[in-house]
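User: Could you teach me how to read the helix packing and the chain contacts in a model like this one? I would like the general idea before each case.

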Amino acid sequence: MPPSSQVNRLFNIGILAAFATLAFVGTTIIRIPIPASGGYFNLGDTFVMAAALLYGPWIGGLVGLIGPALADAIGFPQFILATAIVKGVEGAAVGLIGWTPRGAAAGRVAAALAAGILILVAGYFVFEAFVYPLMARWIPFFGVTDPTAALAEILPNLFQGIFSAVIAFGIWRVLGKKQSD
Amino acid sequence: MKWQQRVVVLILAAVPALSGYPLTAAAGEILPGLTWGWGAYFVAVHLLLALTTPSRLYGNILAASALITLPVVFGGAALSGLMHLTGVGRPGGPQAYSPHYLALLTSMLTVIPLGLALVASIPFQILEQQVLTGENGISRAEKNLLMVLRVFNHIVHDVIPATLEVVREEWPRAPGAGQARRRPSPAGLIRMMTWLGIAVICCAVQYIPLWAVEIARLPERRPRRLQGREQPLQHLKPPEKHPGRGTAACHRLRK
């Protein structure tokens, strides 16, 4: 028999690859434009949050870092940096708060998802209102947003976060329970 | 052209889109929103794709790019127009938002085909075979790569096509749906999306525990000084999938 540490490592890599691919696909296929900011609404967050709730902060953080950022490379390359950092932190935070090896309580999971939504909304706002305009002074490539557009994106991002969190909660209710059994 | 060369060429071609240079240097406009830089880049990328990609694949790439791009661009423009008509849109009306959507259309119809061609250029199955048929065993990094390739292949070739088929057949308002057309309620939509998410995750991860054991069992690469002293390793074939080992949700998805 192969050593269990090696099997575990390969299992985690497989899970990471699966959820990163699903987050990539979820972000790429379902894109609903947000006129006010020029950004778009997507469901990639569902898989980031679900990965974090089912497999913990490391997997959640890495899925957030890789999957949605790869999707931004297709069509919205300016947002890769913001997406990788915001969604990576979001996945890690949801996993840190809402994941325990023996299965977390529903209240804790809901709190984790609320934290994830908050990080999503606040993270993009900070990047679009302050970080990108500052970076655009030296690198014009990042001159795609300003504080007005960032304000206009708060509501769609909030809606995206809530919608994704509700679906991720449903996924956790079914698959998380099965895992802990 | 070998696939490795094609991948290198396409990665080099993607550098301007990912870095912004030298596109931002040619900022003069052909039309409001369409700069000379992006116009020339669009033409150059499609010329390159037409020369380096088989024509049938290029056609498929163009069709997929249009399917991804058009809803975003035209949906966004239509929403902006509606918002303008109702008085809540950007000040300035179409003059203000049209250049943005033209720029978005150009960049998406340039970058998406390039990305799709890049992914399509990598022969994942051949890579997997090459890793598996190494005569001196498999290194740890190659085992990790093997797992990633296998999962990616499975999702792209099995899970997503099956999901799209189910969505097309089961979506409540689809014209060809087997059930009566009805307008889904918000709760029904969330329920359906949740079910779809569960089914997709189950399908995507169902073989991973099995693959982890199988790949871990593959012989480790031996140090150079010991290579060749024992029998060469048997050439290994990728394992068959096990149709009986799925979850109920996945079977339903396949059905």
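Analyst: We will go through the model feature by feature, beginning with how it is numbered and filtered.

Analyst: This is a predicted model, in which local features need pLDDT of at least 70 and side-chain atom pairs count only at pLDDT 80 or more, while totals for chains, interfaces and linings use all residues. Residues are numbered from 1 along each chain as its sequence is written, and chains are lettered from A and ligands numbered from 1 in the order in which they are written.

User: How many helices and strands does chain B have?

Analyst: Helices and strands here are DSSP runs, numbered from the N terminus: H or I of at least four residues for a helix, E of at least two for a strand. Chain B has nine helices and two strands, and from the N terminus the order is α-β-β-α-α-α-α-α-α-α-α.

User: What share of chain B counts as buried?

Analyst: Burial is a neighbour count: a residue is buried if 20 or more other C-beta atoms lie within 10 Å of its own, exposed if 12 or fewer, and partly exposed in between, with C-beta atoms placed from the backbone. Of the 255 residues of chain B, 26% are buried by this count. Contacts use the same kind of C-beta atoms, placed from the backbone, and two residues are in contact if these lie within 7 Å. In chain B, 71% of the contacts between residues at least 6 apart in sequence join residues at least 24 apart.

User: Let's try single residues. Is A:Phe47 buried or exposed?

Analyst: A:Phe47 counts as buried because 33 C-beta neighbours lie inside 10 Å. This residue sits in helix α2 of chain A. Leaving out residues up to four places away in sequence, A:Phe47 touches A:Phe19, A:Leu22, A:Ala23, A:Gly26, A:Val63 and A:Gly67.

User: And is A:Thr100 buried or exposed?

Analyst: A:Thr100 has 12 other C-beta atoms within 10 Å, so it is exposed. Its place is the loop between α4 and α5 (106-136) of chain A. The C-alpha atoms of A:Thr100 and A:Leu53 are separated by 8.5 Å, although the two residues are 47 apart along the chain.

User: What span should helix α3 of chain A have?

Analyst: The expected span is 1.5 Å times one less than the number of residues. For the 17 residues of α3(A) (57-73) that should be 24 Å, and the end C-alpha atoms are 24 Å apart, which agrees. This helix is mostly covered, with 15 of its 17 residues buried.

User: At what angle do α3(A) and α4(A) cross?

Analyst: Axes are lines fitted to C-alpha atoms, for helices over the stretch in contact, and angles run from 0 to 180 degrees between N-to-C directions. The axes of α3(A) and α4(A) (80-98) come within 7 Å and cross at roughly 155 degrees. Angles under 35 degrees count as roughly parallel, over 145 as roughly antiparallel, 65 to 115 as roughly perpendicular and the rest as oblique. The two helices are therefore roughly antiparallel.

User: Which hand does that crossing have?

Analyst: A crossing is left-handed if the near helix is turned anticlockwise from the far one by less than a right angle, and right-handed if clockwise. α3(A) passes α4(A) in a right-handed crossing. Among the residues that meet are A:Gly60, A:Gly61 and A:Gly64 in α3(A) and A:Gly88, A:Gly91 and A:Gly95 in α4(A).

User: What kinds of residue make that contact?

Analyst: Ala, Val, Leu, Ile, Met, Phe, Trp, Tyr, Cys and Pro count as nonpolar, Asp, Glu, Lys and Arg as charged, and the others, Gly among them, as polar. The contact of α3(A) with α4(A) divides into eleven nonpolar, seven polar and three charged residues.

User: At what angle do α1(A) and α3(A) pack?

Analyst: They pack at about 40 degrees, with their axes 8 Å apart, and are therefore oblique to each other. The contact has 13 nonpolar, five polar and no charged residues.

User: Which element of chain A gives the most to the side that touches chain B?

Analyst: α1(A) gives the most, with 13 residues. Overall, 35 residues of chain A are in contact with 45 residues of chain B. The side of chain A that touches chain B has 26 nonpolar, eight polar and one charged residues. Helix α1(A) (4-29) and helix α8(B) (208-217) come within 8 Å along their axes and cross at roughly 135 degrees; they are therefore oblique, and the crossing is right-handed.
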